[in-house]
Amino acid sequence: MALAQILWVDDEIESLQSQILFLKNKGYEVVAMTNGFDAVDYVKENPVDVVLLDETMPGITGLETLAKIKEINQQVPVVLITKNETENLMDEAIGSQITDYLIKPVNPNQVLLSLKKIIDNKRLVAEKTTPAYQQQFRDLFTALNNNPDHNEWMDIYKKLVYWELEMTKSDSPEMREVLQSQKQEANVEFFKFISKNYARWLNPKTIEKPILSNTLFQFKVLPHVEKGTPTFFILLDNLRFDQWKVIQPVFAESFRILEEDSFYSILPTATQYSRNAIFSGLMPIEIEKQYPTLWKNDEEEGGKNLHEEELFHGQLKRLKRDNLKFSYTKVLNHQAGQDLVNNIHNLLNNDLNVIVYNFVDMLSHARTEMEVLKELASDEISYRSITSSWFEHSPLHQALKKIADKKINVILATDHGSVRVKTPFRVIGDKQTTTNLRYKHGRNLNYEPKDVLAFRDPKEAGLPVPTVNSSFIFAKGDGFLCYPNNYNYYANYYRNTFQHGGISMEEMIVPVIKMTRK
């Protein structure tokens, strides 16, 4: 069986017979044509893996042929072969989506190299990925067993994400399985690490601790805000580090990425807690104390994130930065996104523009409610793919492109991530117990201690006490909390959905990215 079907189009094809023979001897099937019209007809009727296309031919030119071929098959790779190296020709060819170009006279090895790059790229990458990960496996294993601190945990998680993304290029389900079990093992250790250290981090006297949601603005955003250069702080909610990595290339087209960092979301890793902590610069228990009318507990009626702008104003005042001219925009639906596109230039008059974009949260919540999304985002690969596709076509991307040439700074962050849950944990509680799948609070909670991190006194976790004797529990790893009634139904319904609120690297170690114009 041939390695690939090659269509070679050149009006002087007779002079290329030795080259065609060379490719055939290497295992390629080569069909030769002398003009663009025949080539277009051939592509209509036959499968082709790569087109080698002469640029100057009588009848229709190479670029005209290219356009017609792309109309028939957008995906087919085309290599333009040209005598002409002028810049505008190259611009036009690249704009028309050529995959590669070669300058005449071409030698057989040049053509072979181009074909290998196009056809064998995936196979060659896959062959290299597996042994490279095998080498790294031992290093990651050692790092996990060396009692990592909060910075080392961020590195471990980033490496695991890197290999997870690399493995999607590999055709080795066995290696993907090995990586998944290593990630699971890492989450078991991470849970122990958080259980041991989280309460200590909340003590003001503790020096060695990570940046948490409530100190994100103080340490990662406000130091970069200066008069005269507008800073756009974009909170793209529920964004995991791997999702950032798949939208990174889209940002990189318009912006220079200066710093790719991460911080820790507070517990519960849920919007009303972590996002309110980000904007207020306070832990939830302090928000409740300082703004008793603004804080709502889970079981109370009404929106839980309606006062972010007011809380942010309070934080700026406390940090003596309330001289900054700032705007606050919240995008909860497509229309609000379009309004942002239309209004983005007006925001250039501010020192700081806060944009909260809620799309990913809608996606992950809807993910459990809508069967269509259950099908679309059944695993991490498809979840990343949806995120990437959405961002590329989103009003947020359009809005940022409109100001990418201005002197601005952009800081992208999130409130928390999410984890695909697989293991149901039984929990019994009274009528007042909350319904969240990754954390619960209530009185008389009955659970298996090894499955959760429990705070009998919520104040130790920086959280309000919703009712007397209320305790909080947080699910570990990929667990989700189910009541005994209708247990099997709910266990099957929610298994393999993306949830947040608990303790996993995916939910807690989240991106904060600093960018500027190119």
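## Helix H1 and its two sides

Let's start with H1, the helix that covers residues 17–25, where Gln19, Ile20 and Leu23 are buried. Looking down the axis of H1, you will find the buried residues within an arc of 100 degrees, so they line one face of the helix. What sits on the other side of H1? There, Ser18, Leu21 and Asn25 are exposed. Keep in mind as you browse that this is a predicted model.

Just past the helix there is a backbone detail to look at. Gly27 follows H1, and its phi is positive, near 105 degrees.

## The chain as a whole

Stepping back, the protein chain has 518 residues, and buried ones make up 54% of them. Its secondary structure comes to 19 helices and 19 strands. If you are setting up a box or a grid, the C-alpha trace spans about 90 × 55 × 40 Å along its principal axes.

How much of the contact count comes from residues 24 or more positions apart? Among contacts in the protein chain with a separation of 6 or more, such pairs account for 74%.

## Where H6 meets H9

Next, a pair of helices. H6 takes in residues 150–167 and H9 residues 241–254; their axes come within 10 Å and cross at roughly 55 degrees. An angle from 65 to 115 degrees would count as roughly perpendicular and one under 35 as roughly parallel; H6 and H9 are therefore oblique to each other. Their crossing is right-handed.

Which residues make the contact? From H6 come Tyr157, Lys158, Val161 and Leu165, while H9 brings Phe241, Asp242, Lys245 and Val246.

## Gln272 and its surroundings

Finally, here is a single residue to zoom in on. Gln272 belongs to helix H10, which runs over residues 271–280. Is Gln272 buried or exposed? Its relative accessibility is 10%, so Gln272 counts as buried, the cut-off for buried being under 20%.

The side chain of Gln272 has a polar atom 3.3 Å from the backbone oxygen of Lys296. Lys296 also appears in the list of residues that Gln272 touches, once those up to four places away in sequence are left out. That list includes Trp295, Asn297 and Asp298 as well, together with Lys304, Asn305 and Tyr439.

Definitions and conventions. Residues numbered from 1 in each chain as written. Predicted model: local features only at pLDDT ≥ 70, side-chain atom pairs only at ≥ 80, totals over all residues. Heavy atoms only, no water. Buried < 20%, exposed > 50% of the residue type's maximum accessible area, 1.4 Å probe, protein only. Helix = DSSP H or I, 4+ residues; strand = E, 2+ residues; numbered from the N terminus. Arc of directions from axis to C-beta. Polar contact = N/O pair within 3.5 Å; in protein donor to acceptor, adjacent residues only side chain to side chain. Contact = heavy atoms within 4.5 Å. Axes fitted to C-alpha atoms, helices over the stretch in contact; angles between N-to-C directions. Parallel < 35°, antiparallel > 145°, perpendicular 65-115°, else oblique. Left-handed = near helix turned anticlockwise from the far one by under 90°.
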